[in-house]
Amino acid sequence: MNSKLKKRKSVKIFKSVIFALFLREVKARFTSSQAGVFWTFFQPFITIFIFVYIHAITRSSEINANATIEYSIFLTAGIIPFFLFKSILLRSVGAFSANRAIFIYKQIKPIDTIFARVVSEYFFSSAILIFFLLIAYFLNYDIKIKNLPMFAFAYLWLIIFAFAWGLLLAIINSFYDWIKKLLDFSFLPLLLLSGVFFSLQTVADISPSIAKLLLYNPLIHFMELIHGSVSYSLDTKYVDYNYMLFWTFIPMGISLWLYIKIEKRIISSR
Amino acid sequence: MIELKNVTKFYKTKKGKKFILKDVSFTIPPKVNIGILGRNGAGKSTFMRMLGGIDFPNQGTIVSDNSFSWPLALSGGFIGNMTGRDNVKFVCRLYSKTDEETKEIVNKVEEFCELGEYFDMPIKKYSSGMKSRVSFGLSLSFDFDYILIDETLAVGDKKFREKSKEALKKKIEKCNIILVSHQMKTLKDMCDVGILLHNNKLTYFEDIKDAIDAYNEINK
């Protein structure tokens, strides 16, 4: 009897599954609709454009090109990770129900579909980053990043943070499917409250108590860390690493624990 | 060889637990083609899914060192917005096939399923018959110890049904099948032994004909 199939090592199976699912995500984005490709690149672009525009008109008295360039780099550095966070959450939350049909292949574990979506969103996000760097290059922007390893570190941590929350939401969504709708509505307030287009220092200069309130949002710590590692005129003094660790590993622990408990139920539910 | 150890399987319903198997211990001997019979709702498909590793006993374990295909059923197994061809490639990747093997399998399936240009159209446009053509052709292209088939032989037009049967007969020279069907003729043609699921018990028959007789008995 042929036993080639059952001798595959579990690491190899895992790699094959993630690779197959990843290719499928990429293919789906680039073949199913042209709109998908368009939005992947232009949604962050348009958002940045709007904010730069608002910034330019509200400060028309002191307008100068350097400030605008600096602000657009500041915005780009925050918005690309923010959109990555957003799309990881949005793609994770429905991952189980969207992939129900292919759980008949026993090597596909539900959590793999989330891994694959995180990896593919990271892939798209990197593509957007390169796209923006190319634009900046052709516009002769002078881009100096203060601390590139720190930026990469913050970016990576944000992905882990997003994965933990994405998995948790996906699990909750498999019992209460209004979670997905709630999530759709929560991104605009989150965008406004997460320090994507302002630095916390500017808020603290006006009202220290509001700044203190904003710091309860873990995402603003990520944004402060990212901004502080990119821009020479900013620092990371508001970043509370313990707070970030707390909001990463508590949801991670809870979601993994829940996942282990209900994995079989997710696979066998029809 | 497939070993069931104290297997209990039930579904929770509003009226309480609906049992499919209750503390069943049993060993299915190796290298036989197995037909599974039972009335609707007896748990044939669930039993099949448990063998395929995508459903799980509430208590007890099912142990086997053989490889099983995914359960070929009328629904499931495909990504709707991908073409038939891309779905075949996807499954090949799941099973860690090399590019060359994948190419070979894609060609084989394309030839077998005779879907013409539909093969390059999204699966969501397929009828269930067309889907099972692809999924059947695909399962024949892999080397499993057991192929799990849930009623899919009954779909498609007559010509294709005959063709599938012939292909399957050739395939079972090298591997075995576990077949759920309500068609007694198919069971007789394909299977050596029979398992009857009835009243949350599992009865094994060394001859498929005896299993069919017993099944007809409970349907009286």
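# Questions on cores, helices and contacts

User: What makes residues count as being in contact with L179(B), leaving aside its neighbours within four places in sequence, and which residues are they?

Analyst: In this predicted model, two residues are in contact if their C-beta atoms, placed from the backbone, lie within 7 Å. With its neighbours within four places in sequence left aside, L179(B) is in contact with G35(B), I36(B), I149(B), L187(B), M190(B) and C191(B).

User: Which residues have the most contacts inside the largest nonpolar core, and which domains does that core draw on?

Analyst: The largest nonpolar core has 72 residues, and those with the most contacts inside it are I36(B), L148(B), I178(B) and L179(B). At least three residues of this core come from each of domain 1 (1-69 + 145-156 + 175-220) and domain 2 (75-143) of chain B. A second core, separate from that one, has 52 residues, including I79(A), F83(A), L89(A) and L183(A).

User: Why is α10(A) called largely enclosed?

Analyst: The test is that a residue is buried if 20 or more other C-beta atoms lie within 10 Å of its own. Of the 13 residues of α10(A), 12 are buried, so this helix is largely enclosed by the rest of the structure. The buried residues of α10(A) include L219(A), F222(A), M223(A) and L225(A), and also E224(A) and H227(A).

User: What makes the span of helix α10 (residues 218-230) of chain A agree with the expected one?

Analyst: The expected span is 1.5 Å times one less than the number of residues in the helix. For the 13 residues of α10 in chain A this should come to 18 Å, and since the end C-alpha atoms are 19 Å apart, the two values agree.

User: Why is helix α1 (residues 44-51) of chain B called largely enclosed, and what follows this helix?

Analyst: By the cut-off for burial already used, 8 of the 8 residues of helix α1 in chain B are buried, so the rest of the structure largely encloses this helix. Among them are K44(B) and R49(B), together with F47(B), M48(B) and L51(B). After α1(B) comes G53(B), whose phi is positive, near 75 degrees.

User: Why is chain A called as compact as a globular protein of its length?

Analyst: Chain A has 11 helices and 0 strands. The globule rule gives 18 Å for 270 residues, and the radius of gyration of chain A, at 21 Å, is close to that value, so chain A is as compact as a globular protein of that length. Along its principal axes, the C-alpha trace of chain A spans about 80 × 40 × 35 Å. Buried residues account for 34% of the 270 residues in chain A. Of the contacts in chain A between residues at least 6 apart in sequence, 75% join residues at least 24 apart.

User: Which element gives the most to the side of chain A that touches chain B?

Analyst: The contact takes 28 residues from chain A and 25 residues from chain B. On the side of chain A, the elements that give two or more residues are α1 (10-31) and α11 (241-268), and α1(A) gives the most, with 9 residues. Sorted by class, that side has 14 nonpolar, 6 polar and 8 charged residues.

User: How many residues of domain 1 and domain 2 of chain B are in contact with each other?

Analyst: In chain B, 5 residues of domain 1 are in contact with 7 residues of domain 2. The side of domain 1 that touches domain 2 has 2 nonpolar, 3 polar and no charged residues. Taken over C-alpha atoms, the centres of the two domains of chain B are separated by 27 Å.

Key: Residues numbered from 1 in each chain as written. Chains lettered and ligands numbered in written order. Predicted model: local features only at pLDDT ≥ 70, side-chain atom pairs only at ≥ 80, totals over all residues. Core = buried A, V, L, I, M, F, W, Y, C linked by C-beta atoms within 7 Å. Domains from an automatic or database assignment. Helix = DSSP H or I, 4+ residues; strand = E, 2+ residues; numbered from the N terminus. Nonpolar A, V, L, I, M, F, W, Y, C, P; charged D, E, K, R; others polar. Rg over C-alpha atoms; globule rule 2.2 N^0.38 Å.
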